[in-house]
Amino acid sequence: PESDLTAGRDASSIGEAREAAKGCRRCQLWRNATQTVFGEGPESAEVVFVGEQPGDQEDLAGKPFVGPAGRILDATLDDADIERRKTYVTNAVKHFKFEPRGKRRIHSKPNAGEIQACRWWLDKELDLIKPHVAVALGATAAQALLGKAVPVLKMRGEVIERDDGLRVFITIHPSLILRIREPADKDAERGRFLKDMRKVKQLM
Ligand code: URA
């Protein structure tokens with residue numbers, strides 16, 4: 001089917017929006033991905049966590065943050081006394097973008113056009129949930145939530161209020177922690193991420 005820009009327009013619940021997003025053709029990423037990975041969590045959530053895009057495991061499972069980055073997120077939320085099942089977890093871009101390398105599928109960054117196209121769904125989710133705070137996990141999420149690129153490492157821990165009143169909390173993407181090899185550096189970054197999540201708890 002050609003791109004249908006009306007699908008999901010009248011969705012009045014997250015369930016309806018998720019159903020409509022299954023056939024999304026707003027950009028080309030659906031072609032190679034297994035499925036749309038929509039957000040997950042209660043519509044009554046006080047906080048919405050926004051990642052970049054589903055990874056390899058999320059693409060197969062159809063759920064956000066179930067792979068290695070998700071385990072970091074889970075552990076940190078746990079330490080910060082935030083119950084993930086009471087939060088809503090989603091991504092800026094809802095199809096997995098990758099380059100095949102042998103049998104592996106290597107994550108590749110969504111571009112501005114893809115982020116913009118998928119922003120329609122993120123806006124829909126935020127509109128239905130109306131959280132007290134949205135947490136941008138990394139630069140792609142920050143760009144999607146704020147409509148412009150922001151320096152995440154400089155602004156982490158800060159709250160930016162959008163024109164519509166939504167408070168956006170800026171922090172890193174948990175996959176950053178996965179990429180740090182030096183144990184002391186990794187621990188330090190874990191500590192900073194936990195500190196950010198404790199601030200999020202205060203904003204809920
Ligand atoms: N990274 C993301 O940004 N989102 C996921 O769902 C998984 C990994």
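Which backbone nitrogen does the side chain of His173 reach? In this predicted model, the side chain of His173 comes to 2.9 Å from the backbone nitrogen of Ser175. His173 belongs to the loop that runs between β7 (167-171) and α7 (175-179). Its relative accessible area is 17%, and because the cut-off for buried is under 20%, His173 is classed as buried. His173 is also one of the residues around the ligand, and the ligand is the next subject.

The ligand is located in the largest pocket. Around the ligand are Gly51, Glu52, Gln53, Pro54, Gly55, Glu58, Pro64, Phe65, Asn91 and His173. Sorted by class, this shell holds three nonpolar, five polar and two charged residues.

Polar contacts to the ligand come from both backbone and side-chain atoms. On the backbone side, an N or O atom of Glu52 is 2.7 Å from an oxygen atom of the ligand. A polar backbone atom of Gln53 lies 2.9 Å from a nitrogen atom of the ligand. From a side chain, an N or O atom of Asn91 is placed 2.7 Å from a nitrogen atom of the ligand. Taken on its own, the ligand has 230 Å² of accessible area, and the protein covers 92% of that area.

Gly55, another member of the shell, is part of the loop between β1 and α2 (56-61). With a relative accessible area of 18%, Gly55 is buried, since the limit for that class is under 20%. Sequence separation and spatial separation can be set side by side here: Gly55 and Ala45 are 10 residues apart in sequence, and their C-alpha atoms are 23 Å apart in space.

Pro64, also listed around the ligand, gives a link to the N-terminal helix α1. The C-alpha atoms of Pro64 and Ala17 are separated by 16 Å, with their positions 47 residues apart along the chain. Ala17 is in helix α1, and its relative accessibility is 0%, so Ala17 counts as buried.

The loop after this helix, between α1 (14-21) and β1 (47-51), contains Arg25. How does Arg25 count at 19% relative accessibility, buried or exposed? Arg25 counts as buried, because 19% falls under the 20% limit. The side chain of Arg25 reaches the backbone oxygen of Gly23, at a distance of 3.2 Å. Leu29 is found in the loop between α1 and β1 as well. For Leu29 the relative accessible area is 10%, so this residue is buried. Leu29 and Gln143 are 114 residues apart in sequence, while their C-alpha atoms are 18 Å apart in space.

Backbone angles are the next topic. Most residues other than glycine have a negative phi. Against that background, Asp81 has a positive phi, near 70°, and is not a glycine. Asp81 is situated in the loop between α3 (68-79) and β2 (88-91). Its relative accessibility is 58%, and because exposed means over 50%, Asp81 counts as exposed.

Lys130 is a further non-glycine residue with a positive phi, of about 50°. This residue lies in the loop between α4 (112-129) and β5 (133-137). At 61% relative accessibility, Lys130 passes the 50% cut-off and therefore counts as exposed.

The last stop is Lys195, which is placed in helix α8 (residues 183-203). Lys195 has 55% relative accessibility, so it counts as exposed. Between Lys195 and Glu99 there is a separation of 96 residues in sequence and of 34 Å in space, C-alpha to C-alpha.

Definitions and conventions:
Residues are numbered from 1 along each chain as its sequence is written. This is a predicted model: local features need pLDDT of at least 70, side-chain atom pairs count only at pLDDT 80 or more; totals for chains, interfaces and linings use all residues. Side-chain values use heavy atoms; hydrogens and water are left out. A residue is near a molecule or strand if one of its heavy atoms lies within 4 Å of it. A polar contact is a pair of N or O atoms within 3.5 Å; within protein, one must be able to donate a hydrogen and the other to accept it, and residues adjacent in sequence count only if both atoms are side-chain atoms. Accessible areas come from the Shrake-Rupley method with a 1.4 Å probe; for residues, only the protein chains shown count as cover. On a 1 Å grid over the protein atoms alone, a cavity is a set of points where a 1.4 Å probe fits but cannot get out, and a pocket is an open set with protein on both sides within 12 Å along at least five of seven lines; lining residues have an atom within 4 Å of a point. A molecule sits in a cavity or pocket if more than half of its atoms lie within 2 Å of its grid points. Ala, Val, Leu, Ile, Met, Phe, Trp, Tyr, Cys and Pro count as nonpolar, Asp, Glu, Lys and Arg as charged, and the others, Gly among them, as polar. Helices (H or I, at least four residues) and strands (E, at least two) are DSSP runs, numbered from the N terminus. Buried means under 20% relative accessible area, exposed over 50%, partly exposed in between (1.4 Å probe, protein chains only).
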